[in-house]
Amino acid sequence: MLGEEPALREYVLALCEVARPRVCLIPTAAADSEELVQRFDEDFAPLAEVSHLALFRRTIADIPAHLLAQDLIVVSGGNTASLLAVWRMHGVDTALREAWERGVVLSGSSAGGLCWFEGGVTDSFGPVLAPLHDGLGLLPGTFCPHYDSEPERQPTYRRLVADGTLAPGLAADDYVALRYEGPELAEIVTSHHGARAFRVDRDGEHPLALRQL
């Protein structure tokens, strides 16, 4: 999870530009895992005012009001397709779009990175990687996380883009963060030496410049 990598955690918190930001975890993709919430609290509570938006055992009545009151929203990894379906049932997708438009920092890893794009590659539907076409679409194009750590990610994403199943997009190794300003890519950073990011289109991979944290 994002908070477990100190350099990336500090980088994202600094984007809030306040001394002690309000940070909300949305652990929907992990079925509101209590263990994950506990780890999040351990990582972020010393640096921020933390909260959690649980949807399987929902306790927050006014979701838009809660999310709009945050400086930073962190989305956990897990099942991206299930995350999107549950969010849409509870109106979280609409609330997140409004938060994004008002300048709340949106972040996440794995499913929490993929969800913001139009689509990408996912293991949400079973052990075989498959295309995802119904992301939130806040960011243009598609995305593939875990480009270095899961052997089938790279060939699957390249094939799906090359044959037109997925629109072109970006791929990132683990420990890489893509920072957007609105819908425009502003910077790519990494906390690990040798980590990579690519723009992937029908012609293949095109390496992108990264800044080492």
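Me: Before I look at charge in this predicted model, which residues count as positive and which as negative?

Reply: Lys and Arg count as positive and Asp and Glu as negative, while His and the chain ends are left uncounted. Read in that way, the chain carries 17 positive and 31 negative side chains, and the centres of these two sets lie 2 Å apart.

Me: How should I read the overall form of the chain, and what radius of gyration does it have?

Reply: One sets the radius of gyration beside the value expected for a compact globule of 213 residues, which would be near 17 Å; the chain has 16 Å, and so the two agree. Along the principal axes, the C-alpha atoms fill a box of roughly 45 × 35 × 30 Å, and the secondary structure within comprises seven helices and 13 strands.

Me: What share of the residues is buried?

Reply: A residue is called buried when its relative accessible area is under 20%, and 48% of the 213 residues meet that description. As for contacts with a separation of 6 or more, 62% of them join residues 24 or more positions apart.

Me: Which residues touch the most other members of the largest nonpolar core?

Reply: A nonpolar core is a set of buried nonpolar residues joined through side-chain atoms within 4.5 Å. Here the largest has 38 residues, of which Leu67, Trp87, Leu96 and Trp116 touch the most other members, and helix 4 (residues 80–90) gives the most to this core, with five residues. Apart from it lies another core, of 17 residues, including Tyr11 and Phe44.

Notes: Residues are numbered from 1 along each chain as its sequence is written. This is a predicted model: local features need pLDDT of at least 70, side-chain atom pairs count only at pLDDT 80 or more; totals for chains, interfaces and linings use all residues. Side-chain values use heavy atoms; hydrogens and water are left out. Helices (H or I, at least four residues) and strands (E, at least two) are DSSP runs, numbered from the N terminus. The radius of gyration is taken over C-alpha atoms; the globule rule is 2.2 Å times the number of residues to the power 0.38. Buried means under 20% relative accessible area, exposed over 50%, partly exposed in between (1.4 Å probe, protein chains only). Contact means heavy atoms within 4.5 Å. The place of a charge is taken as NZ of Lys, CZ of Arg, CG of Asp or CD of Glu.
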